[in-house]
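I opened the notebook to keep track of what I looked up in this structure. Here are my entries, in the order I made them.

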Amino acid sequence: MMVPLLRRVLLASLGVAVAAATAAPAALPAVQPEHVSIERAVASTTSATGPHTFELYRHGAATKPVQWLACRAIDYRINTASEPAGMTAVIRSVMTSIGKQTGATFTYGGATTHTFGSTGFDRSTPTIYFAFTAKQDVAGQHFAWPGQIGVGGPAAAWYSTSSGSTFEAMTYGRVLLYTGFKGRVTGAGSTWQSLITHEVGHALNLDHRTTASDAMYPSLSVASPGRFSSNEVAALKSVLRRTSCDYTAFKRL
């Protein structure tokens, strides 16, 4: 699903289900108010060893994904309303693990009131926002156990300068988790760890995979690994920009 947000922003979201049986540069010129679409990937993913597809591609470059600025730490914040006990620790553990796998740094920024439907974001640093829901119908999603238990996706923005150059980057990611999920907390399989890893993958711009042993497979099962495969890590590294990050331009998105 792709949802248009405020001007110059597009956001994509994909969920995960569990089946019943598987339980600083110089200042930039003034921004011009034209709009350029950033397209969501429409091709399905290939085999576990094949290329990865992404949720959002750069305008005019259908094979190049929009990137996160990751020269500095990417923040993540948690809306603790309806949060099950112990989930902050699980999220922090997952984010630390993803940082070790990718070489990027993810920093816990504390609590937030940001909801899954919020369109504002911290313009000082790219941020991933987590929230929980006990409701079955919220933000255009229907949650159930068994059924859909999480959704996540990235938001991207762009602008063109008077000189004709374009700057675009991921602005924030969002994750919404259903508290009705009854899986184990940590480890591989149908667990909260696997669920959170999957949805963070979407928030970081990964699309689904077709192999059950990949974290981005669209259903949790005993085969869910609880961490990203080597191919998924390679895809993540391609969307986490680690050099020449223009944070001054980011503040203008």
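**Entry 1: helix α1**

I started with which residues of α1 are buried in this predicted model. I found Met87, Val90, Ile91, Val94, Met95, Ile98, Gly99, Gln101 and Thr102 on the buried list. A helix makes a full turn in 3.6 residues, so positions three or four apart face the same way. I then looked up what covers the buried residues of α1, and the cover includes β8, β9 (106–111), β10, α2, α3 and β16 (240–241).

I also checked the length of α1. Its 16 residues should span 22 Å at 1.5 Å a residue, and the end C-alpha atoms are 22 Å apart, so the two figures agree. Just past the helix, I noted that Gly103 has a positive phi of about 85°.

**Entry 2: helix α2**

I gave α2 the same treatment. Eleven of its twelve residues are buried, so the rest of the structure largely encloses this helix. My list of buried residues in α2 runs Trp192, Ser194, Leu195, Ile196, Thr197, His198, Glu199, Val200, Gly201, His202 and Ala203. The list takes in the charged residue Glu199.

For the span of α2, I expected 16 Å from twelve residues at 1.5 Å each, and the end C-alpha atoms are indeed 16 Å apart. After α2 comes Asn205, with a positive phi near 105°.

**Entry 3: the nonpolar cores**

Which residues touch the most other members of the largest nonpolar core? I got Met95, Phe106, Ile128, Phe130, Ile196 and Leu204, out of 48 residues in that core. At least two core residues come from each of β8 (74–78), α1 (87–102), β10 (127–133), β13 (147–161), β14 (166–178), α2 (192–203) and α3 (230–239). The largest share is that of α1, with six residues. Another core lies apart from this one and has 14 residues, including Tyr129, Ala157, Phe167 and Ala169. As a reminder to myself, nonpolar side chains in soluble globular proteins tend to be buried together.

I picked out Ile128 for its contacts. Setting aside residues up to four places away in sequence, Ile128 touches Trp68, Ile74, Asp75, Tyr76, Arg77, Met95, Phe106, Gly173, Ala203 and Leu204.

**Entry 4: Val233**

Next I looked up Val233, which sits in helix α3. Is Val233 buried or exposed? Its relative accessible area is 10%, under the 20% cut-off, so I put Val233 down as buried. Beyond its neighbours within four places in sequence, Val233 is in contact with Gln101 and Phe228. I also noted Gly201, which is 32 residues from Val233 in sequence and 9.8 Å from it in space, C-alpha to C-alpha.

**Entry 5: the pockets**

I went on to the open spaces. The largest pocket holds about 290 Å³. Its lining has 14 residues, and Arg58, Gln67, Phe167, Glu168 and Arg241 lie nearest the centre. β6 (61–65) and β14 each give at least two lining residues, and β14 has the largest share with four. By class, I wrote down six nonpolar, three polar and five charged residues for this lining.

The second largest pocket has a volume of about 160 Å³. I listed its lining as Asn79, Ala81, Ser82, Thr115, Phe116, Gly117, Ala131, Phe132, Thr133, Val138, Ala139 and Leu176. Here β10 supplies the largest share, three residues. How many charged residues line the second largest pocket? There are no charged residues in this lining, which has seven nonpolar and five polar ones.

**Entry 6: backbone oddities**

I finished with the backbone. Most residues other than glycine have a negative phi, and most peptide bonds are trans. Ala139, which also lines the second largest pocket, is not a glycine but has a positive phi of about 50°. I placed Ala139 in the loop between β11 (137–138) and β12, partly exposed at 40% relative accessible area.

Ser244 is another non-glycine with a positive phi, about 55°. This residue is in the loop between β16 and α4 (247–250), and I have it as exposed, with a relative accessible area of 61%.

My last note is on the peptide bond between Trp145 and Pro146, which is cis, with omega about -5°. Pro146 is in the loop between β12 (141–142) and β13.

Terms used:
Residues numbered from 1 in each chain as written. Predicted model: local features only at pLDDT ≥ 70, side-chain atom pairs only at ≥ 80, totals over all residues. Heavy atoms only, no water. Core = buried A, V, L, I, M, F, W, Y, C linked by side-chain atoms within 4.5 Å. Buried < 20%, exposed > 50% of the residue type's maximum accessible area, 1.4 Å probe, protein only. Contact = heavy atoms within 4.5 Å. 1 Å grid on protein atoms, 1.4 Å probe; cavity = no way out; pocket = protein on both sides within 12 Å on 5 of 7 lines; lining within 4 Å. Points joined across faces, edges and corners; volume = space filled by probe spheres on them. Expected span 1.5 Å × (residues − 1).
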